[in-house]
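Trainee: I have a new model open and would like to talk through its empty spaces and its helix packing. Could we start with what lies inside?

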Amino acid sequence: MRDRWSILVAEVMLQQTQVDRVAERWSRFLGRYPTPSVCAGAPVGDVIAEWSGLGYNRRAVYLHRTAATVVDRHGGEVPGRLVDLLALPGIGPYAARAVLAFADEQDVGVVDTNVARVLARRSGRRLRPAEVQAMADASVPTGSGWAWNQTMLDLGATVCRARNPTCGSCPVSTGCVWRGQGDDPAVGSAGVSGRQATFEGSDRQGRGRLVAALAESPVTAVRLAETMGWPDDPERAARVASRLVADGLAVTDGRRWLLP
Ligand code: SF4
């Protein structure tokens with residue numbers, strides 16, 4: 001068995017951040033928070049500051065809550081049962097099954113956007129959410145959970161790519177219904193992500209800038225809009241910053257903003 005906490009942290013990071021940006025930050029995070037107990041014992045603001053730069057900072061809040069729940073309910077050990085993992089804050093079917101497959105080598109099907117795309121194309125039709133997960137779970141050969149999931153994730157990322165899949169050299173083309181002919185059934189199929197919204201100029205960009213600034217020091221209300229990159233739009237800055245408070249990523253007394 002590998003360390004479930006290490007894998008859980010990696011999978012939460014990898015859900016919305018590219019692998020080359022995760023590797024170094026994952027080691028650093030685990031150096032600072034090697035166990036759920038250490039993470040749960042730290043102020044959530046410290047965990048957010050450590051996370052800053054990876055994007056989607058709400059994941060840091062959820063990870064901190066997950067660590068606290070693991071301490072409360074499971075004696076500080078990340079559980080090894082699907083039902084317990086799915087009950088942790090912010091842990092969905094992907095991260096829960098990735099922990100079981102890659103830490104415990106259990107026979108569960110890990111579904112990220114790449115695997116969901118492969119399954120839809122092989123089926124030749126759009127799949128519903130429950131269908132794609134059931135199909136992935138049922139496809140794992142007994143006793144091969146670790147290797148099977150690694151292979152499927154690789155296949156989707158490198159062969160059955162969103163654009164220009166290399167069906168001619170695909171090792172599983174036999175039995176694939178679509179094989180690159182006609183409308184792509186993966187478009188709109190469950191678990192297959194569409195194009196990401198543009199980051200530049202988005203609310204997400206302003207949120208990221210504010211969290212990065214707060215990781216250094218509190219920000220006064222008069223500097224808020226400038227810090228978020230919208231010096232001419234204080235209303236937008238206040239609105240977006242308020243959502244950060246609602247998400248547990250910041251606190252304010254009206255005069256200044258800081259990490260919780
Ligand atoms: Fe994907 Fe083509 Fe392989 Fe089918 S044959 S799984 S569409 S790469």
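Trainee: How many cavities of 30 Å³ or more does a search of the whole structure find?

Mentor: Good place to begin, and keep in mind that this is a predicted model. Rolling a probe the size of a water molecule over the atoms shows where empty space is left. With a cut-off of 30 Å³ or more, the search of the whole structure comes back with a cavity count of one.

Trainee: Which residues lie nearest the centre of the largest cavity?

Mentor: The largest cavity has a volume of about 120 Å³. By class, its lining has 10 nonpolar, two polar and three charged residues. Of the 15 lining residues, the ones nearest the centre are Arg121, Cys160, Cys167, Cys170 and Cys176.

Trainee: And which helix gives the most to the lining of the largest cavity?

Mentor: Here we look at what each element supplies to that lining. The top contributor gives three residues and spans residues 113–123, and that is helix α8.

Trainee: Let's turn to the second largest pocket. Which helix gives the most to its lining?

Mentor: About 190 Å³ of space lies in this pocket, and its lining includes Leu119, Met135, Trp148 and Pro171. At least two lining residues come from each of α8, α9 (129–139) and α10 (145–158). The most, four residues, come from α10.

Trainee: How do the residues lining the second largest pocket divide by class?

Mentor: Among the lining residues are Arg122, Ser123, Ser139, Thr151 and Val172. Sorted by class, the lining comes to seven nonpolar, three polar and one charged.

Trainee: Now the helices. Are α11 and α13 roughly parallel or roughly perpendicular to each other?

Mentor: Two packed helices are described by the angle between their axes and the distance between the axes. For α11 (residues 203–216) and α13 (residues 234–246), the axes come within 10 Å and cross at roughly 70°. Angles of 65 to 115 degrees count as roughly perpendicular, so α11 and α13 are roughly perpendicular.

Trainee: What does the contact of α11 with α13 have by class?

Mentor: From α11, Asp203, Arg207, Leu210 and Val211 take part, and they meet Arg236, Val240, Ala241, Arg243 and Leu244 of α13. By class, that makes five nonpolar, no polar and four charged residues.

Trainee: One last pair: is the crossing of α1 and α7 left-handed or right-handed?

Mentor: The axes of α1 (residues 4–16) and α7 (residues 93–104) come within 9 Å and cross at roughly 140°, and the two helices are therefore oblique to each other. The contact includes Ile7 and Leu8 of α1 and Val99 and Phe102 of α7. As for the hand of the crossing, α1 passes α7 in one that is right-handed.

How values were computed
Residues are numbered from 1 along each chain as its sequence is written. This is a predicted model: local features need pLDDT of at least 70, side-chain atom pairs count only at pLDDT 80 or more; totals for chains, interfaces and linings use all residues. Side-chain values use heavy atoms; hydrogens and water are left out. Axes are lines fitted to C-alpha atoms, for helices over the stretch in contact, and angles run from 0 to 180 degrees between N-to-C directions. Angles under 35 degrees count as roughly parallel, over 145 as roughly antiparallel, 65 to 115 as roughly perpendicular and the rest as oblique. A crossing is left-handed if the near helix is turned anticlockwise from the far one by less than a right angle, and right-handed if clockwise. Contact means heavy atoms within 4.5 Å. On a 1 Å grid over the protein atoms alone, a cavity is a set of points where a 1.4 Å probe fits but cannot get out, and a pocket is an open set with protein on both sides within 12 Å along at least five of seven lines; lining residues have an atom within 4 Å of a point. Grid points are joined across faces, edges and corners, and a volume is the space filled by probe spheres set on the points. Ala, Val, Leu, Ile, Met, Phe, Trp, Tyr, Cys and Pro count as nonpolar, Asp, Glu, Lys and Arg as charged, and the others, Gly among them, as polar.
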